[in-house]
Amino acid sequence: TLNDGMKIRGDINICLMGDPGVAKSQLLKHISKISPRGVYTTGKGASGVGLTAAVIRDPTTKEFVLEGGSLVLADMGICCIDEFDKMEEADRTAIHEVMEQQTVTISKTGIHTTLNARCSVLAAANPVYGQYDGNKKPTENIGLPDSLLSRFDLLFIVLDKHDPEHDRRISDHVLTIHRYLPPGHKEGAPIREFGTLHAFYLLNDDAEGIEQETPIYEESTKVVSRNTGTSQGGGNSAQYEIFSIAFIKKYILYAKNRVVPDLSEEAATFIAQSY
């Protein structure tokens, strides 16, 4: 908020446009868990009122009440929207106000109010032709209207390059997740995330008390490859220092509330010339 009362959006909206199979959905789910307040939803399973707000009738009092959607629940956080290109055009139009004004205005059935939706929007979408066509312009590959693209501050194009060595590492990683069983896990039961990392990490978690300090790094963490007991580089198991999720959450919250960056004159000139 400026001195004259004018409000400027301070949250950044990001769009990931890329080929299928590049782990966009996994990235969005992990970011929603790392964020101090994160909401994950999909474009095909969400409607305009489900993202903004809906007016419903209370079953007890029979009165109309207002229920916030995903963007309202993600206030002061981040809202991850997967399959953004699969949304209906009417539903995408409903979030225009949220992405620019960061508010949701409701005028339905005698309810006139404005809800805060001060959140960043992280969207993932696929190109028009399924996979990104390098022979066509970016505007021809991106099937989103200009009115919506202008509300994204950053647009990343994620390509699935055909590299045998890279594909081999991905297959090794996927097989590691499905072949490794955590200690005490029953064979045949679905592997779910435990601790603060995924199931292909070995964790040595002690009993955590409420008054204990948040550990910066994970304790006794080893990355296991397909060959049980060996690291990704081969040979003996390697030890990696990995930040804990609880520490990252506190770090993000502290940086967002306490750190006030100052835009220098050189940076402002560079941004203006690039734009």
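**View 1. The cysteines Cys79 and Cys119 sit without a disulfide.**
The count comes to 0 disulfides here, taking a disulfide as a pair of cysteine sulfur atoms within 2.5 Å. Start with Cys79: its closest cysteine sulfur belongs to Cys119 and is 5.6 Å away, too far for a bond. Cys79 is buried at 0% relative accessible area, and Cys119 is buried too, at 2%. (Buried means under 20% relative accessible area, exposed over 50%, and partly exposed in between, with a 1.4 Å probe and protein chains only.) A word on what you're looking at: this is a predicted model, where local features need pLDDT of at least 70, side-chain atom pairs count only at pLDDT 80 or more, and totals for chains, interfaces and linings use all residues. Residues are numbered from 1 along each chain as its sequence is written, and side-chain values use heavy atoms, with hydrogens and water left out.

**View 2. Phe84 and Phe152 meet edge-to-face.**
The structure has 4 aromatic pairs. Rings of Phe, Tyr and Trp (its six-membered ring) pair if their centres lie within 6.5 Å; planes under 30 degrees apart are stacked, over 60 edge-to-face, and the rest tilted. For Phe84 and Phe152, the centres are 5.8 Å apart and the planes are at 85°. Phe84 lies in the loop between β5 (78-82) and α4 (89-93), and Phe152 in the loop between α7 (146-149) and β9 (154-158), so this pair ties together parts 68 residues apart in sequence. Helices (H or I, at least four residues) and strands (E, at least two) are DSSP runs, numbered from the N terminus. Both Phe84 and Phe152 are buried.

**View 3. Phe243 and Phe247 stack.**
Here the ring centres are 5.7 Å apart, with 20° between the planes. Phe243 is partly exposed at 41% relative accessibility, and Phe247 is partly exposed at 23%. Ring pairs link these two with Tyr217 and Tyr251 into a cluster.

**View 4. Leu2, Met6 and Ile8 make a nonpolar surface patch.**
Together, Leu2, Met6 and Ile8 offer about 300 Å² of accessible area, worked out by the Shrake-Rupley method with a 1.4 Å probe, where for residues only the protein chains shown count as cover. Met6 belongs to the segment before β1 (14-18) and is partly exposed, at 48% relative accessible area. Patch members have over 30% relative accessible area and no salt bridge (a side-chain nitrogen of Lys or Arg within 4 Å of a carboxyl oxygen of Asp or Glu); like charges are joined within 9 Å, and nonpolar side chains (Val, Leu, Ile, Met, Phe, Trp, Tyr) within 5 Å.
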